[in-house]
Amino acid sequence: MKNNINNMQGLTGKKAKWLIKSIFAASFLALVSCESNLDTINENPNDQASIDPKFLLTYVEKYTFQVDGDNMYASRMMIGTDGENKYQYMKWNDTSFEVYTKALLNTGKMMQEAEKINNKNYAAIGKFLRAYHFFNISLKVGSAPYSEAAKGESGITQPKYDTQEAIMSRILSELKEANDLINTSDKIEGDIVYNGDAMKWKKLINSFRLKVLITLSKKTTVGNYNIATEFASIAGSQSLMTSIADNGELKFADAADSRYTMFNNSGYGSSLYMADYFINLFKDRHDPRLFTFAAQTTGAKEAGKAITDYTGYNGGNPTSPYSDNAALITAKNISKVNDRFYKDPTNEPASVLSYSELEFILAEAAARGWISGSAKTYYDNAIKASFNFYQTYVKNSGQYFSGFDVNQYLTTPLVVYNNADPLQTQLEKIMTQKYMTMFHQAQWTSYYDYLRTGYPNYPLKAGVAAPFRFRYPQSEYSYNSSNLKAALAAQYGGNDNITSKPWWLQ
């Protein structure tokens, strides 16, 4: 297979087992900090790929709950000043399918091992992890290997591509199955997200079902599901997150291979700065969360301005040439990213779905008429939860939030919510505040929200459109060409362009 780690779908059974063992070995030391008893690894001489599912769970969780910084360029939160960043300038091309090897293959193995010991909770969490990763894969490219993926051991080395609608429909079913399987009887070991709390997993699973459905807001149905009806049924009958204690997040530890994703990142310390579009949303609203994201400009520091003085913060234009933004450094008039993101080894937890995001999802559903209840109440709860998160996890947060009253903030003109406003006005309020909570959080969610709603209204360079998708990996052209070309013909007339619009946005 040459050095093609991305084309996991083409792995033979022997190579797939070798890969699982290799990944396990590479992460072995990291797992020591999470599990002290390593004697429970199964060493059946007749099945060298047999591994206690708790170790695989830890590995996949660590991979899944990481920060992806690229989306913050595309989402107009950060800029680069030492070269042209392809995400900032909307010029990206191929994505990677490494998730098939690093997450989905190991998740499938975890579920197989759990079946041997009749533990339904590993199966339930496995279904959530599969749904989460396939959801993100499909949003990136459109159709993708799903039903035949990760089946190298069964001899399927060139899996077919399932349509995006089929993938979305099936992951909704997998999430429903996960909700039905989760229980308080089967022990969950190796869980570094919820420490084995099955009911918190149940809340995350059901909340994520709502996230999938709201993401499909431009469609009426997906497979056999009516989107609005299914959303209302889940929201009205299933356990959902109720506080930030339920956040689907990973807390970092100051230990090898367990530190915050961006810790000691050299780019953060040298060439990464804040985008003015993002900064100005906070300055205009006198929102102190700004101080947790950004550093004062050098000029403001030298002038002795208070850390809570909004005039001491400034960003660069994400659509300008990087050299123009570099000139702001010389002028001492641009804010770096707050140094906690690269100097604090534990920093804040990284989430795939937070209670705050869930409340914004419910606010949008209420505004659209999918559920009863006040969109304003959900919106206000979401903002309060966001402030609670930063006041809880940011070190020395009192220096930023002293004297701040969130209830007063909710009454200010640019923030206050009115249920009687037209839908587009309500969506703009919801999406703007939701966007303001997602610095280093929730992967590409902000960008996908922008694609489906138009909010917040990102600045774009004249003549440059916001891409709808990524191109397929080159490895797929090399090792799964016939299935890839069939999928391209069915979706995009044979064109693999970033401007081709996938099903979910049509």
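What follows is a chat between a student and a tutor about this predicted model.

Student: Before we dig in, what pLDDT do local features need here?
Tutor: Residues are numbered from 1 along each chain as its sequence is written, and side-chain values use heavy atoms, with hydrogens and water left out. Since this is a predicted model, side-chain atom pairs count only at pLDDT 80 or more, totals for chains, interfaces and linings use all residues, and local features need a pLDDT of at least 70.

Student: Okay, what pLDDT does the chain average?
Tutor: pLDDT is the predictor's confidence in each residue, from 0 to 100. Over residues 1-48 the value is below 50, and that stretch still has 93 contacts (heavy atoms within 4.5 Å) beyond near neighbours in sequence. For the chain, 90% of the residues score at least 70, and the average is 91.

Student: How does the radius of gyration of the chain stand against that of a compact globule?
Tutor: The radius is taken over C-alpha atoms, and the globule rule is 2.2 Å times the number of residues to the power 0.38. The C-alpha trace spans about 70 × 50 × 45 Å along its principal axes. With 506 residues the rule puts a compact globule near 23 Å, and the chain agrees at 23 Å.

Student: What share of the contacts with a separation of 6 or more comes from residues 24 or more positions apart?
Tutor: For background, the chain has 23 helices and 8 strands (DSSP runs numbered from the N terminus: helices are H or I, at least four residues; strands are E, at least two). Buried residues, meaning under 20% relative accessible area (exposed is over 50%, partly exposed in between; 1.4 Å probe, protein chains only), make up 58% of the 506. As for contacts with a separation of 6 or more, the share from residues 24 or more positions apart is 74%.

Student: How far apart are the centres of the positive and negative side chains?
Tutor: Lys and Arg count as positive, Asp and Glu as negative, while His and the chain ends are not counted. Each charge is placed at NZ of Lys, CZ of Arg, CG of Asp or CD of Glu. There are 52 positive and 49 negative side chains, and the two centres lie apart by 3 Å.

Student: Is Ser335 buried or exposed?
Tutor: Ser335 sits in the loop between α14 (322-330) and α15 (340-343). Leaving aside neighbours within four places in sequence, its contacts include Tyr273, Met274, Gln296 and Tyr313. Its relative accessible area is 0%, so Ser335 is buried.

Student: Which helix holds Tyr492?
Tutor: Tyr492 is buried at 8% relative accessible area, and its contacts outside four places in sequence include Val141, Arg469 and Pro502. Tyr492 and Trp503 are 11 residues apart in sequence and 9.7 Å apart, C-alpha to C-alpha. Tyr492 lies in residues 481-492, which is helix α23.

Student: What is the geometry of the peptide bond from Tyr455 to Pro456?
Tutor: Pro456 has its place in the loop between α21 (445-453) and α22 (474-479). Omega for the bond from Tyr455 is near -10 degrees, making it cis.

Student: And what is phi for His440?
Tutor: His440 is in the loop between α20 (423-436) and α21, and it is buried at 4% relative accessible area. Gln443 lies in the loop between α20 and α21 too, with a positive phi near 55 degrees in a residue other than glycine. His440 is not a glycine either, yet its phi is positive, at about 65 degrees.
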